Amino acid sequence: MSAHLSLDASVVRWSVPVDERADRPVLLLLHGYGSDEHDLFGLAPYLPPDYVVASLRAPLTPPWPMPGASWYPIEGLDGRDPDAVTRAAESVLAWIRDAVGDAPVGLLGFSQGGAVALQTLRVDPDAVAFVVVLAGYAAGGELPGDAVLAERRPPVFWGRGAADDVIPAHLIDATAQWLPGHSELSGRVYPGLTHSISQDELDDVRAFLDARLADREAAG
């Protein structure tokens with residue numbers, strides 16, 4: 001595993017205090033480029049209250065004058081480099097080991113946070129129970145975990161806007177080819193939606209997360 005950047009545990013936003021987290025499923029929120037841990041945390045009231053929600057801050061600072069943080073560079077000749085996405089995923093996995101332990105967690109990521117969420121699943125399929133990707137994509141290349149995913153087909157929700165012109169079309173096309181063979185895929189393309197999240201999408205995410213709770217209960 002390549003060297004990863006450490007995530008700042010002191011800035012993580014939790015939905016409940018530490019004494020209320022035992023034996024509850026954990027859902028990690030991974031924000032988009034130029035944002036921070038406060039952004040997606042605003043979704044917490046719309047998500048099933050059974051989850052312990054933790055919103056992380058990415059480890060990099062994007063070039064000035066872009067505010068916030070980033071998981072990997074998107075500019076320059078090396079922009080969107082799959083190896084950089086993998087390093088970001090490894091930083092998430094290191095945080096999971098330190099803060100959560102061995103129990104698989106769910107990941108919800110927006111834009112490049114969605115790419116990191118999928119990459120985290122690909123790097124360590126045992127650490128991630130499911131993934132929600134909003135306006136994101138699957139990074140290219142091959143990882144050892146891909147063969148495991150093709151066999152296990154973990155649940156993945158992929159939502160994106162029909163009017164989203166931020167993510168390059170070739171990455172959307174590649175993701176549409178990759179996900180069906182490596183996941184139990186559900187999702188939707190939302191008419192008129194740009195690079196953002198709509199109420200209809202949140203309703204679908206809530207249904208997906210409720211289904212994962214039902215899976216957990218059925219598994220005992």
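**Exercise 1. Determine which tryptophan face Arg 160 lies over, and find the arginine whose charged end sits over Trp 14.**

Arg 160 lies over the face of Trp 158, at 5.5 Å from the ring centre. The criterion is that NZ of Lys or CZ of Arg is within 6 Å of the ring centre and within 35 degrees of the ring normal. For Trp 14, the charged end over the ring belongs to Arg 21, 3.7 Å from the ring centre.

The model is predicted, so local features need pLDDT of at least 70 and side-chain atom pairs count only at pLDDT 80 or more, whereas totals for chains, interfaces and linings use all residues. Residues are numbered from 1 along each chain as its sequence is written, and side-chain values use heavy atoms, with hydrogens and water left out.

**Exercise 2. Classify the ring pair formed by Tyr 51 and Phe 130, and place the two residues in the chain.**

Rings of Phe, Tyr and Trp (its six-membered ring) pair if their centres lie within 6.5 Å, with planes under 30 degrees apart counted as stacked, over 60 as edge-to-face and the rest as tilted. By this rule there are 4 aromatic pairs. The centres of Tyr 51 and Phe 130 are 6.2 Å apart and their planes stand at 75 degrees, so the pair is edge-to-face. Tyr 51 belongs to the loop between helix 1 (37-41) and strand 3, and Phe 130 to strand 5, 79 residues apart, so that the pair links distant parts of the chain; helices (H or I, at least four residues) and strands (E, at least two) are DSSP runs, numbered from the N terminus. Both residues are buried, that is, under 20% relative accessible area, where exposed is over 50% and partly exposed lies in between (1.4 Å probe, protein chains only). Ring pairs further link Tyr 51, Phe 130, Phe 157 and Phe 208 into a cluster.

**Exercise 3. Check the span of helix 6 and decide how its buried residues are arranged around the axis.**

The expected span is 1.5 Å times one less than the number of residues. For the 21 residues of helix 6 (residues 199-219) this should give 30 Å, which agrees with the 30 Å between its end C-alpha atoms. Glu 201, Leu 202, Val 205, Phe 208, Leu 209, Arg 212 and Leu 213 are buried in helix 6. They cover an arc of only 145 degrees, taken from the directions from the helix axis to the C-beta atoms, which puts them on the same side of helix 6. On the other side, Glu 217 and Ala 218 are exposed.
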